[in-house]
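Reader: Please put the model up. I have some short questions about how it folds.

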Amino acid sequence: MSCPLCSSLNENIIYQDNFLRVILVDDIPGYIRIITQKHIKEFSELSDEEAINLMLTVKKIEKVLIDELNPEKVNIASLGNMVPHLHIHIIPRFKNDPWWPGAVFCEKKRDFKYPAVNFEKLKQKIKEKLEK
Ligand SMILES: [Zn+2]
């Protein structure tokens, strides 16, 4: 079975190194996904060092999203039921966004006008934070 996350085709890559890559997902403004470069199914397959690296990356990205977008809440999720290659969703949530207060993987409840996002600035801020 070919895995769509084993290649980075058509991804909007913000940052990458040997261990992971960070992409901007188009579906929701500010939606970020972290994907391990190698095909790993479960979080527990990571070494301790890799696990710490991954969670620190999540923490740094969450901080940039809060600083830049001022969301009501940031959702962090690892599902992978459809694509069993370890990846983490980091999703800024706004009060009365289409799924609020449910998860964005649920059915939309309403339309919502998202605040304007300067994507180039957001990508630059995340890149700077991760390169530190
Ligand atoms: Zn894969």
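**The fold, question by question**

Reader: Which residues are exposed on the other side of H1?
Author: Helices are DSSP runs of H or I with at least four residues, strands are runs of E with at least two, and both are numbered from the N terminus. A residue is exposed if 12 or fewer other C-beta atoms lie within 10 Å of its own, buried at 20 or more, and partly exposed in between, with C-beta atoms placed from the backbone. On the other side of H1, the exposed residues are Asp-48, Ile-52, Leu-56, Lys-59 and Asp-67.

Reader: Which pLDDT do side-chain atom pairs need?
Author: Residues are numbered from 1 along each chain as its sequence is written. This is a predicted model: totals for chains, interfaces and linings use all residues, local features need pLDDT of at least 70, and side-chain atom pairs count only at pLDDT 80 or more.

Reader: Within what arc do the buried residues of H1 fall?
Author: H1 buries Thr-57, Ile-61, Val-64 and Leu-65. They line one face of the helix, because, seen down its axis, they fall within an arc (of the directions from the helix axis to the C-beta atoms) of 100 degrees.

Reader: How far apart are the end C-alpha atoms of H1?
Author: The expected span is 1.5 Å times one less than the number of residues. For the 22 residues of H1, that gives 32 Å, which agrees with an end-to-end C-alpha distance of 31 Å.

Reader: What covers the buried residues of H1?
Author: The cover is judged by contacts, meaning C-beta atoms, placed from the backbone, within 7 Å. It includes S2, S3, strand S4 (73-77), S5 and H2.

Reader: Which residues touch the most other members of the largest nonpolar core?
Author: A nonpolar core is a set of buried Ala, Val, Leu, Ile, Met, Phe, Trp, Tyr and Cys residues joined through C-beta atoms within 7 Å. In this model, the largest has 15 residues, and those that touch the most other members are Val-22, Ile-34, Ile-61, Ile-90 and Ile-126.

Reader: Which elements each supply at least two residues of this core?
Author: In soluble globular proteins, nonpolar side chains tend to be buried together. The elements that supply this core are strand S2 (20-24), strand S3 (32-36), helix H1 (48-69), strand S5 (87-93) and helix H2 (119-131).

Reader: Which residues of S3 are buried on each side?
Author: Five of the five residues of S3 are buried. In a regular strand the side chains alternate between the two faces of the sheet. Both faces of S3 are covered, with Ile-32, Ile-34 and Thr-36 buried on one side and, on the other, Arg-33 and Ile-35.

Reader: Which residue in S5 is the bridge partner of Arg-33?
Author: Strands pair if DSSP finds at least two bridges between them. S3 runs antiparallel to S2, with five bridges, and antiparallel to S5, with four. Arg-33 is the partner of Ile-23 in S2, and its own partner in S5 is His-89.

Reader: Which peptide bond is cis?
Author: Pro-101 sits in the loop between S5 and H2. Omega is near 0 degrees for the bond from Trp-100 to Pro-101.

Reader: What radius of gyration does the protein chain have?
Author: The radius is taken over C-alpha atoms, and the globule rule is 2.2 Å times the number of residues to the power 0.38. For 132 residues, a compact globule would come near 14 Å, which agrees with the chain's 15 Å.

Notes
Two residues are in contact if their C-beta atoms, placed from the backbone, lie within 7 Å.
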